[in-house]
Amino acid sequence: MINIIGNSCLILIILICLINSFLIYFKPQIYKIASKILFFTGLFCFLNLIYGFIISDFSVENVYLNSHQLKPLIYKISGSWGNHEGSLILIIFVKIIYVNLFNIFSKIDEKIKLYANIIAYIIIMSFTSYIFFTSNPFRIISPTPSEGLGLNPLLQDIALAIHPPILYFGYGGFIIPFAVTLALLINSSTNTFGRNLKPWINISWSFLTLGIGLGSWWAYRELGWGGFWFWDPIENISLIPWLAATSLLHIVIVNIKRKIFDSWFKLLSILTYIFSLLGTFLVRSGIITSVHSFATDPDRGIYLIILISLISLFSLLIYITKNKSLPDKFKVNSRESLIFLNNIFLLSGALIITLAILYPVFSYIVFNQAVSVGELYYEKTFLPLMLPILLFASIGMIIAWKENKIKLYLPKFISTLFLSSILLLLVREIYGSTTFFGTLGLLFSLNLIITTLLKYLTFKNKNYALILGHLGFGLLIFAAIIAFKYSTYYEANLKLHSETSFNHNNIKFLNIKYSHGKNYLSQIAQIKISNDVKSIILEPEVRLYPIEKTTISEAAIKHYIFEDLYIVTGSYDTTTNSLFIRFYERKFINFIWLSVILLGISGILSFKNKKYKFTLS
């Protein structure tokens, strides 16, 4: 029954999109009714899939491959989108939600709205057709198995239960500025409706930021290497649309304030959605493998790449042939020029990451050579781009729109830079020296933090979205550099009741005990960490999931304000009574999570800003 309902819903979504793509052109008044029917069909389809997981209907192949009866309810539900096919259903439903919200709240020109609906319907129809014909989550398996194969234990975590939906609400929202921009271009309109599109950009950017942060938090807690960003290809894919969206977020402000950069704003709206498609679907293509990826069948990925390529080429062709906006004129010594320069650096960063992800695939297909791109590449190419971004963001906080005289803002900049240098010396005194780029990164991030705080203290009309956003970005870079450059770790094999020491910490293996959860068996080590100031007991686990036949390590973490004590172990060797341990001191790691929260809140506050209500520009 679940497969019949599910497939019926998929067919209905395709038909609604196909029929209304033509029908609303001739009968414009029906587009709101059509989008509501589409919403309830998508909702019913998605809930139907979740229900299949909840009742463990193993006649559905997707449920059989990704669930079992002993799995906790929360992971049965999240298992519905924790796989290739199910995640695509959620992605399509998210796009449908945004189209409905756009039709309800946005008050742009009706003709533009109709064309935007048609474009959105065509995209939704295309990807739903892909799901139905190549990645159908409602495919039947016969005879019906008595038990399922379970879900990857690494995905059975609360962060991974909520990370994908939040990330998809980030990716999916960019369909609105994309569709509206193409509608404007097709109609040869010179109005970008920047004021109307800003809320959609803001809320999508906020979800994307929080989604990436949740994924990073999961990787830190679950993968056992004590870090928050591994420069994994699938990990990096989410960063590409974020960089483009950050550019778009800033350029729309210039578009509203100064009525310039229309052409650039339209191009960024298109590129951001293209990068979102790349991020959304390359993970599911099977072409790139990772612990984060959902697909292992590259044949299905070929269809995805073709579909994404067609959408990209079609939209860029419309932009090239239809864009009538004249080149913008602006003063070099102005805030808008700094925003434009930062746009260039942000997009350069996105391009660098894109090349690093796709080149190994290209090398393997064309030259049959396996190539890997590691952390060193990003340290030498991507990270230096953050330095001018930080610098220009700091200057942009104190410089005015239009033309400025250097003597008006140079003293403020020199003063904040001097104060930042003093704080940098304090940081070096506490943690020690670092690389040249690391030192500049710390200096410029401190300068952005100080400049932002001073702006908050000195301005009466406080823009909290601006303040929290720049404060969060500065804090993110500062904390990331501290975490990367100054964190330390130690490895050892400890016999039961023996001890060792590292960085003034005494590490003692006290005991080993065994327990069990609903769907796993657990080995728990008791490790005492003590020094002159504190003494704590951490209990890292090694879990065996019998259904999945998989063993994973669960780190034990003690959080402090300025550092985490993090320990992960291997399996206890009963023949030698010994245990392998890896112990980390992760500096400033919690400020990374704080910075992501600040960034997310800044986007939400900007979304609620009364200056940017849904009214005509």
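The legends below describe an overall view and several close-up views of one predicted model.

Local features are given only at pLDDT of at least 70 and side-chain atom pairs only at pLDDT 80 or more, while totals for chains, interfaces and linings use all residues. Residues are numbered from 1 along each chain as its sequence is written, and side-chain values use heavy atoms, with hydrogens and water left out.

**Figure 1. Overall view of the protein, with 20 helices and 10 strands.** Helices (H or I, at least four residues) and strands (E, at least two) are DSSP runs, numbered from the N terminus. The radius of gyration is 26 Å, close to the 25 Å of the globule rule for 617 residues, so the protein is as compact as a globular protein of that length. That radius is taken over C-alpha atoms, and the rule is 2.2 Å times the number of residues to the power 0.38. Along the principal axes, the C-alpha atoms fill a box of roughly 80 × 75 × 50 Å. Buried residues account for 59% of the 617; buried means under 20% relative accessible area, exposed over 50%, and partly exposed in between (1.4 Å probe, protein chains only). About 26,700 Å² is exposed, and carbon and sulfur atoms supply 67% of it. Areas come from the Shrake-Rupley method with a 1.4 Å probe; for residues, only the protein chains shown count as cover. Of the contacts (heavy atoms within 4.5 Å) between residues at least 6 apart in sequence, 73% join residues at least 24 apart.

**Figure 2. Close-up of helix α8, residues 175-186.** From first C-alpha to last, the 12 residues of α8 reach 16 Å, close to the 16 Å expected at 1.5 Å a residue; the expected span is 1.5 Å times one less than the number of residues. In α8, 11 of the 12 residues are buried, including P177, F178 and T181. After the helix comes S188, with a positive phi near 55 degrees.

**Figure 3. Close-up of V180 in the largest nonpolar core.** Such a core is a set of buried Ala, Val, Leu, Ile, Met, Phe, Trp, Tyr and Cys residues joined through side-chain atoms within 4.5 Å. Among the 160 residues of this one, F127, V180 and F382 touch the most other members. Helix α6 (residues 110-134) gives the core its largest share, 14 residues. Beyond its neighbours within four places in sequence, V180 is in contact with F102, I108, I112, A116 and L197. Another core, of 18 residues, lies apart and has A492, I512, I529 and I536 among its members.

**Figure 4. Close-up of C9 and C45 in a structure with 0 disulfides.** A disulfide is counted where two cysteine sulfur atoms lie within 2.5 Å. For C9 the nearest cysteine sulfur is that of C45, 4.9 Å away, which is too far for a bond. Both cysteines are buried: C9 has a relative accessible area of 6%, and C45 has one of 2%.

**Figure 5. Close-ups of backbone geometry at P143, W231 and K549.** Most residues other than glycine have a negative phi, and most peptide bonds are trans. S142 and P143 are joined by a cis peptide bond, with omega about 0 degrees; P143 is in the loop between α6 and α7 (158-173). W231 has a positive phi near 55 degrees and lies in the loop between α9 (194-222) and α10 (233-237). K549 also has a positive phi, of about 55 degrees, in the loop between β6 (541-545) and β7 (550-554). W231 is buried, at 7% relative accessible area, whereas K549 is exposed, at 72%.
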